Amino acid sequence: MSPSFKLQCHFILIFLMALRGENRYLELREAADYDPFLLFGANLKRELAGEPVYRRALRCLDMLSLPGQFTFTADRPQLHCAAFLIAEPEEFVTIHYDLVSIDCQGGDFLKVFDGWILKGEKFPSSQDHPLATTERYIDFCDSGLSRRSIRSSQNVAMIFFRVHEPGNGFTFTIKTDPNIFPCNAISQTPSGRFTLVVPHLRRNCSFSIIYPVVIKISDLTLGHLNGLQLKKPSAGCGGIGDFVELLGGPGLDPSKMMPLADLCYSFHGPAQMKIGCDNTVVRMVSSGKHMNRVTFEYRQLEPYELENPSGNSIQEICLSSV
């Protein structure tokens with residue numbers, strides 16, 4: 001595993017924990033001198049019902065997990081900037097440009113990416129996203145304000161930008177909308193419970209947890225058609241159009257992760273596995289012929305569980321690479 005890639009993933013973990021209030025007193029001022037990415041979430045607060053829209057300045061490297069209005073103004077040439085946006089798993093993210101003042105002819109750019117991308121790895125992967133990779137980038141310098149509002153296909157999106165001239169910049173508003181059948185999502189928290197439902201659609205859906213976790217599948221329903229369940233396959237998932245797989249690895253892209261387990265018949269759990277990878281993914285592959293559903297719980301592995309993996313009956317994966 002690349003040390004720099006693992007460090008970047010570790011930063012994302014810090015970001016998500018800070019946004020959820022799990023580490024409210026992170027002392028990051030000195031670190032920010034050489035990596036402003038660490039400063040995210042220092043002054044964030046959740047918008048309360050009835051209060052005005054939350055507003056704050058956007059940093060060159062930032063993480064946003066709440067609706068509000070954000071303004072970036074360059075105080076010097078800023079050439080390599082990005083903002084990670086994340087909502088709840090059951091929400092879409094909408095980005096609305098309120099004001100843009102950049103010099104596209106002078107080399108500035110402002111792009112939205114439908115998903116997250118880090119070190120060349122994407123979430124959702126190309127296999128799981130309905131659009132080709134090139135179509136997932138929306139460049140303001142190409143479309144202008146003709147595409148003033150952009151909605152993501154899942155609960156995460158990114159903004160890449162470059163601004164040369166001090167004083168130039170942009171303002172945008174983030175809103176969230178409910179997603180009745182979320183397909184791809186990244187968890188904001190290191191523990192939780194989620195039900196992934198694919199209703200008679202030919203699509204692949206991934207739920208990503210950027211932590212080493214214990215995951216417990218409590219219910220899996222596959223291959224139901226008019227109330228009749230398909231017969232349990234004799235061995236493996238070969239040739240089966242509907243199944244769930246557990247994946248693990250160090251990066252964001254599920255297509256580059258190790259397959260850890262395949263589940264291709266319905267059952268009522270629990271089925272439990274310890275996965276010590278930096279990232280864990282529950283991925284459902286659906287043929288479109290059936291209503292498929294999987295319910296699972298997850299929690300972050302404790303440090304002692306990573307240091308002393310023996311002594312329990314659940315399968316241990318990736319612990320040697322942590």
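**Figure 1. Close-up of Asp75 and Arg76 in the predicted model.** At 47% relative accessibility, Arg76 counts as partly exposed, because that value falls between the limits of 20% and 50% that bound this class. Its partner in this view is Asp75, and the two side chains meet in a salt bridge with a distance of 3.3 Å from N to O. Asp75 has a relative accessibility of 57% and therefore counts as exposed, since the exposed class begins over 50%. The structure shown here and in the views that follow is a predicted model. Side chains of opposite charge can pair when their charged atoms come close. By the rule applied here, the count of salt bridges comes to six, one of them being the pair of Asp75 and Arg76.

**Figure 2. Close-up of the salt-bridge network that links Arg56, Arg59 and Asp62.** Asp62 forms a salt bridge with Arg56, in which the closest N and O atoms are 3.0 Å apart. A salt bridge also joins Asp62 to Arg59, and in this pair the closest N and O atoms are 3.4 Å apart. The relative accessible area of Asp62 is 0%, so this residue counts as buried, the limit for that class being under 20%. Arg56 is likewise buried.

**Figure 3. Close-up of the open sheet formed by five strands in the order β1-β3-β12-β5-β10.** The pairing within this sheet is mixed. Its edge strands are β1, which covers residues 55-57, and β10, which covers residues 149-151, and each of these pairs on one side only. From one strand to the next, the twist averages 20 degrees. At the β10 edge, the neighbouring strand is β5, residues 91-101, and the two pair in the antiparallel sense over three bridges. Within this pairing, His96 has Ser149 of β10 as its bridge partner.

**Figure 4. Close-up of Lys175 in strand β12, which comprises residues 169-178.** Lys175 has a relative accessible area of 53% and is therefore exposed, as the class requires a value over 50%. When its neighbours within four places in sequence are left aside, the residues in contact with Lys175 are Phe92, Val93 and Thr94. Of these contacts, the one with Val93 spans 82 residues in sequence, while the C-alpha atoms of Lys175 and Val93 are 6.1 Å apart in space. For the chain as a whole, residues 24 or more positions apart account for 75% of the contacts with a separation of 6 or more.

**Figure 5. Close-up of strand β6, residues 109-113, and the strands that pair with it.** Strand β6 is mostly covered, with four of its five residues buried. Five bridges join β6 to strand β11, residues 156-163, and these two strands run antiparallel. Strand β9, residues 137-139, also pairs with β6 in the antiparallel sense, in this case over three bridges. Val112 can serve to locate both pairings: its bridge partner in β11 is Ile159, and in β9 it stands opposite Ile138. Over the whole chain of 322 residues, 52% count as buried.

**Figure 6. Close-up of the loops that hold Lys119 and Pro124.** Lys119 is placed in the loop between β7, residues 116-118, and β8, and has a positive phi of about 55 degrees although it is not a glycine. With a relative accessible area of 52%, Lys119 is exposed, because the value is over 50%. Pro124 lies in the loop between β8, residues 121-123, and β9. The peptide bond that leads from Phe123 to Pro124 is cis, with omega near -10 degrees.

**Figure 7. Close-up of His200 in the loop between β14 and β15.** The strands that flank this loop are β14, residues 192-199, and β15, residues 204-209. Phi of His200 is near 55 degrees, which is a positive value in a residue other than glycine. His200 has a relative accessibility of 41% and therefore counts as partly exposed. As context for this and the other views, the secondary structure of the chain comes to four helices and 23 strands. The accessible surface of the chain comes to about 15,500 Å², and 51% of that surface belongs to carbon and sulfur atoms.

Methods: Residues are numbered from 1 along each chain as its sequence is written. This is a predicted model: local features need pLDDT of at least 70, side-chain atom pairs count only at pLDDT 80 or more; totals for chains, interfaces and linings use all residues. Side-chain values use heavy atoms; hydrogens and water are left out. Buried means under 20% relative accessible area, exposed over 50%, partly exposed in between (1.4 Å probe, protein chains only). Contact means heavy atoms within 4.5 Å. Two strands pair if DSSP finds at least two bridges between them. Accessible areas come from the Shrake-Rupley method with a 1.4 Å probe; for residues, only the protein chains shown count as cover. Axes are lines fitted to C-alpha atoms, for helices over the stretch in contact, and angles run from 0 to 180 degrees between N-to-C directions. A salt bridge is a side-chain nitrogen of Lys or Arg within 4 Å of a carboxyl oxygen of Asp or Glu.
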